[in-house]
Every structure is written in C-alpha cells, then in structure tokens.
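User: I am new to this structure and would like to understand the labels people attach to its parts. Could you walk me through the reasoning behind them?

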Amino acid sequence: MVQDGTGGTDGTDGTGAIRDGLPGRRLAWPWFLVIVAVYAGIIQGLGFLTGVDTSSSDSAFPTTESLVRNALIPIGASIVFAAAVVTWLGWWGEVLHYRAPVRRWVRWVPASMLAVALLGLNYGHLGDQSASLVVSLLLLGLFVGVGEELMFRGIGVQVFRRAGLTEGKVALFSSLVFGLVHLSNAFGAGAQAIFQALIVSTSGYFFYLCLRVGGVILLPMLVHGLWDTSLFSNLVGDEPQASLGMALIIVLQAVLIVLLLVRRRSIEPEAAETPA
C-alpha cells in the first residue's frame, strides 16, 4: 500500500509528515517487489530489444557496440526509472544520507573491497582493447553502481527500515531481494544464475555495510562500481582473459563472508538502539 503523507487519515500526523517521522510517501514491501520486477523487466526487455547477438563469441562484450546496446542502454534506462521512483516517493534526503553507525572495524569492508577492486583490474587485457571499449566499460561500472545501489541500498533499505525492522533484518531482506533479482540473468546465463544470485546476496550485504560506514549512498555506489568494473575487465574484447586479480576478488569475497559470520554480533555500536 502506498500512502502520500498529505493528510491525517492516511498514516500521517496531519502536517504532511508520516507518523514515523520520515518525510515522503509510504511504500509497503510487496509494492517494492513490484517496482523491482519492473526494474528488472526494463533491463531484460531493453536488452532484448536493443541488444546484439554475442552467442558466437566467448566474450560477454566482444565489441563496443555490444557493450553499449546489451548493457549501457538498458541499465541507463533502469537508472532513470529508479530515480523517478525516488522522486515520486519524496525520499531523496533519506536515500542519499543513511544514519546508522557501525563499529570502527567495519570500515575494513569498503577499504578492502576498493583496494582489491583496483588491484584486480585486468590492466594488461584492457591495454589490448580499443579506447572506446575501455571507456564504455568504465561507464558500465558507473551505471551498475549508481543504478543497483539506488534501487536496493536506496529504495530497498528505506522500505524495510520504514517498516520498523531492525538493521539486521533490513540488511538481510534488502540483500536477499538484491540477489533474487539477479535470477533474471537466467534468461541469458542459465542455471548458473542461481549460484550467482547467492553470491550477489552476500555482496549486497557488503554494500549495505558500505552504506552504513559512509553514511551516504555515494560510497556503496563507488565500491560497487569499481568491484563490477574489475570483474568485467576480464570479460571484454574478442578473447576474454581471466587474470590473477580475479582470484583476489574471489578470495576477498570468501574472507569477508567468514569474517562477517564470525563477527556479525559486533557490528552494531554498543549503545545502538532499535529503529522505532
């Protein structure tokens, strides 16, 4: 159910502010899932309509044209959609700034991800590609970081937080939805998309922690964008080429999963309060 925060009988206090003290419209989580389905449909649908066939290549993006038409155009459209939803909801202030501090050791999550993403870039392989393909790849990383973070750490986190959930449950549900939406890749990737969805869910939790560490959505956008750019740097060009950096990314992912499982109870500050 969506409520507009403009009257006293629709969940507001009569002044235009909703009763939980946060401005803007209310969005119940089932409607958020509908929005996510539309978001995924835009990416998959436009990819189908504008994309070029790359089945004859081992590369996901063998040419600049394939990267632009198969990825940049659909993801760019999804960013416009996500931004329109945030504007309609009136949530820009809360989406851009998230105040839920964590203990200092959690800063190692974004710091390690940024370091490994930069180290893991396949610089040698990118050096063999055209300038237009490299620039398009950098734009792809930027688009993915902005679009997915706006939808899941922006809208998604706000939906579950405004529902009165604890930060632990906000992290869990927003990350699960983030992983599940990647099942839409099954149209192109087959059964391996299920495994990808599980891995992506853990990445979603890392990006959620980046949001809390930075207090602004720009940090998870940066980390996410560089992380995916590093992964994609192995997949472009006529002949994709895995680098040692890919192993670094896999190892860090595993290390962070184990670390956060072990220390999951020491993420919240000692004096942290449960959201109203």
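**Reasoning from values to labels**

Analyst: Happily! Let us start with a polar contact: in this predicted model, the side chain of E148 lies 3.4 Å from the side chain of H182.

User: What makes the pair E148 and H182 a polar contact?

Analyst: The cut-off for such a pair of N or O atoms is 3.5 Å. The side chains of E148 and H182 make their polar contact at 3.4 Å, so the pair falls within that limit.

User: Why is E148 said to have no salt bridge?

Analyst: A salt bridge needs a nitrogen of Lys or Arg within 4 Å of a carboxyl oxygen of Asp or Glu. For E148, which is buried in this model, the nearest side chain of opposite charge is R153, 5.5 Å away. E148 sits in helix α6, and its contacts beyond four places in sequence are Y39, R153, F178, H182 and H224.

User: How many salt bridges does the rule give?

Analyst: The count is 5. One of them joins R69 and E65, at 2.7 Å from N to O. Both residues belong to helix α2, 4 residues apart, or about one turn.

User: What makes R69 and E65 partly exposed rather than buried?

Analyst: Buried means under 20% relative accessible area, and exposed means over 50%. R69 has 30% and E65 has 45%, so both count as partly exposed.

User: Why is E167 called buried, and what is R161 called?

Analyst: E167 has a relative accessible area of 7%, so it is buried. R161, at 21%, counts as partly exposed. Their side chains meet in a salt bridge at 3.0 Å, N to O.

User: What does the salt bridge of E268 and R212 tie together?

Analyst: The side chains of E268 and R212 meet at 2.8 Å, N to O. E268 is in the segment after α11 and R212 is in helix α9, so the pair links parts 56 residues apart in sequence. By accessibility, R212 is buried at 5%, while E268 is partly exposed at 28%.

User: How do you know that the length of helix α1 agrees with what is expected?

Analyst: With 22 residues at 1.5 Å a residue, α1 should span 32 Å, and its end C-alpha atoms are 31 Å apart, which agrees.

User: Why are the buried residues of α1 said to line one face?

Analyst: The buried residues are F32, I35, V36, Y39, A40, G47 and T50. Seen down the axis of α1, they fall within an arc of 130 degrees, so they line one face of the helix. On the other side, A37, F48 and L49 are exposed. The cover over the buried residues includes β2, α2, α6 and α7.

Key. Residues are numbered from 1 along each chain as its sequence is written. This is a predicted model: local features need pLDDT of at least 70, side-chain atom pairs count only at pLDDT 80 or more; totals for chains, interfaces and linings use all residues. Side-chain values use heavy atoms; hydrogens and water are left out. Helices (H or I, at least four residues) and strands (E, at least two) are DSSP runs, numbered from the N terminus. The expected span of a helix is 1.5 Å times one less than its number of residues. Buried means under 20% relative accessible area, exposed over 50%, partly exposed in between (1.4 Å probe, protein chains only). The arc is that of the directions from the helix axis to the C-beta atoms. Contact means heavy atoms within 4.5 Å. Lys and Arg count as positive and Asp and Glu as negative; His and the chain ends are not counted. A polar contact is a pair of N or O atoms within 3.5 Å; within protein, one must be able to donate a hydrogen and the other to accept it, and residues adjacent in sequence count only if both atoms are side-chain atoms.
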